[in-house]
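Trainee: I am new to this structure and would like a close look at one single part of it. Could you pick a residue, start from its surroundings, and then lead me outward from there?

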Amino acid sequence: MSKSSPQKMPLYRHGDVLVRRVSEIPAEAKKRPHLTLAEGEITGHSHRVAEAASASLFELRGERFLLVHGEQATLVHEEHGPITLSQGCYRVWQQREYSPQEIRIVRD
């Protein structure tokens with residue numbers, strides 16, 4: 001995949017999850033046995049890829065990466081509309097919120 005400047009890389013928001021196209025997934029990243037990008041502690045709902053054969057999830061030092069190797073993959077969650085991701089590599093973040101006492105991960 002060709003390298004592009006960060007300004008031209010699409011950024012998607014799916015509730016408290018952010019997904020951005022990247023040029024590659026680090027070679028040291030380990031493949032995860034599931035396609036759940038983030039789980040909601042309060043609702044039990046999860047941000048996940050609907051089509052199991054279309055993507056693979058990787059992790060490296062707490063950072064998550066998604067490889068869409070099918071033509072496309074659909075990111076779903078019970079409380080948000082679906083997002084269709086085209087073939088490629090993506091970095092996944094869970095949004096955080098700041099308070100003077102601590103920095104916390106946002107939970108759906």
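Mentor: Gladly! Let us begin with Ser 56, and keep in mind that this is a predicted model. Setting aside neighbours within four places in sequence, Ser 56 touches Lys 31, Leu 35, Phe 65, Leu 66, Leu 67 and His 69. The residue belongs to strand β6. Is Ser 56 buried or exposed? Its relative accessible area is 8%, and the cut-off for buried is under 20%, so Ser 56 counts as buried. One of its contacts deserves a second glance: the side chain of Ser 56 makes a polar contact with the side chain of His 69, at 3.1 Å.

Stay with strand β6 for a moment, where you will also find Glu 59. The side chain of Glu 59 meets that of Arg 32 in a salt bridge, at 3.7 Å from N to O. Arg 32 sits in the loop between β3 (30–31) and β4, so this pair ties together parts that are 27 residues apart in sequence. Glu 59 is partly exposed, at 29% relative accessibility, and Arg 32 is partly exposed too, at 33%.

The structure holds two salt bridges, so let us visit the other pair as well. Here the side chains of Arg 91 and Glu 63 come together, at 3.8 Å from N to O. This pair links distant parts of the chain, with Arg 91 in strand β8 and Glu 63 in strand β7, 28 residues apart. Arg 91 counts as buried, at 15% relative accessibility, whereas Glu 63 is partly exposed, at 34%.

Strand β7 also contains Thr 74. With 13% relative accessibility, Thr 74 counts as buried. Its side chain makes a polar contact with the side chain of Glu 51, at 2.7 Å. In sequence Thr 74 and Glu 51 are 23 residues apart, while their C-alpha atoms are 6.9 Å apart in space. Beyond its neighbours within four places in sequence, Thr 74 is in contact with Arg 48, Val 49, Ala 50, Glu 51, Pro 82, Ile 83 and Thr 84.

Now back to Leu 66, which appeared among the contacts of Ser 56. Leu 66 is one of the residues with the most contacts inside the largest nonpolar core, along with Val 19 and Leu 85; that core has 16 residues. The elements giving it two or more residues are β2 (17–22), β4 (36–39), β6 (55–60), β7 (63–77) and β8 (80–94). Apart from this core lies another, of seven residues, including Ile 25, Leu 60, Phe 65 and Cys 89. Phe 65, too, was on the list of contacts of Ser 56. As for Leu 85, its contacts outside the neighbours within four places in sequence are Tyr 12, Val 19, Leu 66, Val 68, Gln 72, Ala 73 and Tyr 90. In soluble globular proteins, nonpolar side chains tend to be buried together.

Finally, step back to the whole protein. It has ten strands and zero helices. Of its 108 residues, 40% count as buried. Among contacts between residues at least 6 apart in sequence, 52% join residues at least 24 apart. The protein exposes about 6,700 Å², and carbon and sulfur atoms supply 49% of that area.

Conventions
Residues are numbered from 1 along each chain as its sequence is written. This is a predicted model: local features need pLDDT of at least 70, side-chain atom pairs count only at pLDDT 80 or more; totals for chains, interfaces and linings use all residues. Side-chain values use heavy atoms; hydrogens and water are left out. A nonpolar core is a set of buried Ala, Val, Leu, Ile, Met, Phe, Trp, Tyr and Cys residues joined through side-chain atoms within 4.5 Å. Buried means under 20% relative accessible area, exposed over 50%, partly exposed in between (1.4 Å probe, protein chains only). Helices (H or I, at least four residues) and strands (E, at least two) are DSSP runs, numbered from the N terminus. Contact means heavy atoms within 4.5 Å. A polar contact is a pair of N or O atoms within 3.5 Å; within protein, one must be able to donate a hydrogen and the other to accept it, and residues adjacent in sequence count only if both atoms are side-chain atoms. A salt bridge is a side-chain nitrogen of Lys or Arg within 4 Å of a carboxyl oxygen of Asp or Glu. Accessible areas come from the Shrake-Rupley method with a 1.4 Å probe; for residues, only the protein chains shown count as cover.
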